Amino acid sequence: MKMKVLVCGKGGSGKSTITALLAKEMSRKGYNVLVVDSDESNFGLHRQLGVEMPEDFMNYLGGKKALGQKMMKAFQSGEAASIFEEKWGIPEIPEAYTVANGNIKMMAVGKIHDFGEGCACPMGALAKHLLKNIETTSEDLVLVDTEAGIEHFGRGVEEGCDLVLMVLDPSYESIRLSEKIRQLAEKAGKPLYFILNRADKIGTHFMLETVDKTHVLASVPSDMDVFRAGFAGEELKVELPEIEAVADFLISGDWA
Ligand SMILES: Nc1ncnc2c1ncn2[C@@H]1O[C@H](COP(=O)(O)OP(=O)(O)O)[C@@H](O)[C@H]1O
Ligand SMILES: [Mg+2]
C-alpha cells in the first residue's frame, strides 16, 4: 500500500501534533516514517518528534532565491519548471537534509528565517516535486505537515499524495474550511478523511452533525500530556487509542 499522506487544517487545529503522534504510532508499528515539514512557519514539529531542526531542503537546490529565479525563467519561457528529477526512496534522501529518531526521518522544505524574505511560493513548488519524486515501499509512510489553510492546494502539493487527512478543532472556521477542502480534494481526486481534535463530548456531537460522519476517523481528546509536551517543546511520547485507530485505518488500506 502506497501511503503518502497530506495533513491539513486551519492554523492551531493540531496538524503538527497529530502528524507527530501518528508518525510515532506508525513507527511503533514498524513502519519507516518520513515526515515532511512543508509549513515554513512551523517551529515545533521537530521538537515533538524529538529531533533537531533539519537543514532546509531548499538549500539542496541552491536556496530560495536560486529556485525562485529558476521558476521565474521557466514561467517566462512558457516551459514547465523542472525543479529536480531525482527519484529517491526514503534511505536515499541526502543525509544532510534529514534528521532521524529511530525509524522516523524528518525533512523540512524550507523556513522563512528573516522578515521580508518574500513569498513562500518556491517552497510550495518544491514540496510538490519532492512528494512526487519520493518512492515508497509497503513498509513506508510519508506524512506531510502543511501550512494552515488551503494554499497548498493551489500549488498542487496534494498531487503527489495518496490521501488527505484534515484536522478539525471544534470551531466555525474549521467547519467552513472542511467544506472548501472537501471540494478541493474531490477536484484533485484524492480521498479525504477527518480527524477531530480537542473536541469534548459536546464539541464532537456538534461536529459530527456537520461534517461527513462516515469520513471521520477519530475524535482525539484534549490531552494534558500532549499539551504539556507541546508547550515545553518536548518529544511527544503519549500513546492515544484514537491515534492508534487512525494508524490501523491507514494500514487497512480501506481508504484506497
Ligand atoms: N489533542 C491535543 N491535546 C492537547 N493539546 C493539543 C492537542 N492538539 C494540539 N494541542 C496543542 O495545541 C497547540 C497547537 O497545535 P499544533 O499542532 O501546533 O497546531 P497546528 O500545527 O495546526 O498549527 C499546540 O500547543 C499543541 O501542543
Ligand atoms: Mg503546525
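Me: Where does Glu-235 lie, relative to helix 8 and helix 9?

Reply: Glu-235 is in the loop that joins helix 8 to helix 9 (241-252). Helices here are DSSP runs of H or I with at least four residues, strands are runs of E with at least two, and both are numbered from the N terminus. The model is predicted, so local features need pLDDT of at least 70 and side-chain atom pairs count only at pLDDT 80 or more, whereas totals for chains, interfaces and linings use all residues. Residues are numbered from 1 along each chain as its sequence is written, chains are lettered from A and ligands numbered from 1 in the order written, and side-chain values use heavy atoms, with hydrogens and water left out.

Me: Is Glu-235 buried, exposed or partly exposed?

Reply: Buried means under 20% relative accessible area, exposed over 50%, and partly exposed in between (1.4 Å probe, protein chains only). Glu-235 has 26% and therefore counts as partly exposed. Its C-alpha is 32 Å from that of Gly-154, with the two positions 81 residues apart in sequence.

Me: How does Val-226 read, buried or exposed?

Reply: Val-226 belongs to helix 8 and is classed as buried because its relative accessibility is 14%. Val-226 and Ile-18 are 208 residues apart in sequence, yet their C-alpha atoms are 10.0 Å apart.

Me: What marks the two ends of helix 8?

Reply: At the N-terminal end, Asp-223 acts as a cap, with a side-chain oxygen 2.9 Å from the backbone nitrogen of Asp-225. Polar contacts are pairs of N or O atoms within 3.5 Å; within protein, one must be able to donate a hydrogen and the other to accept it, and residues adjacent in sequence count only if both atoms are side-chain atoms. After helix 8 comes Gly-233, with a positive phi near 70°.

Me: Which residue other than glycine has a positive phi, near 60°?

Reply: Most residues other than glycine have a negative phi. Arg-198 has a phi near 60°. Arg-198 sits in the loop between strand 9 (192-197) and helix 7 (201-210), and because its relative accessible area is 43%, it is partly exposed.

Me: Which residues are closest to ligand 1?

Reply: A residue is near a molecule if one of its heavy atoms lies within 4 Å of it. Ligand 1 is surrounded by 17 residues, and Gly-12, Lys-15, Thr-17, Asn-197 and Arg-198 are the closest. A polar side-chain atom of Arg-198 is 2.8 Å from an oxygen atom of the ligand. Backbone polar atoms also take part: that of Ser-13 lies 3.3 Å from a ligand oxygen, and that of Asp-223 lies 2.9 Å from a ligand nitrogen. On its own, ligand 1 exposes 560 Å², of which the protein buries 83% (Shrake-Rupley areas, 1.4 Å probe; for residues, only the protein chains shown count as cover). Helix 1 and helix 8 (224-232) are the elements that give two or more residues to this shell.

Me: Which protein atoms are donors of the magnesium ion?

Reply: Donors are N, O and S atoms within 2.8 Å of the metal (3.2 Å for Na, K and Ca), and water is not among the atoms, so sites may look incomplete. For the magnesium ion, ligand 2, the protein donors are OG of Ser-16 and OD1 of Asn-42, at 2.2 to 2.5 Å. Ser-16 is in helix 1 (residues 15-28), while Asn-42 is in the loop between strand 2 (32-37) and helix 2 (45-49), 26 residues away along the chain. Both Ser-16 and Asn-42 are buried.

Me: How do the loop glycines Gly-50 and Gly-110 read?

Reply: Gly-50, between helix 2 and helix 3 (63-77), is partly exposed because its relative accessibility is 36%. Gly-110 lies between strand 5 (104-108) and helix 4 (121-133), and at 2% relative accessibility it counts as buried. The C-alpha of Gly-50 is 15 Å from that of Ala-108, and the C-alpha of Gly-110 is 16 Å from that of Val-51.
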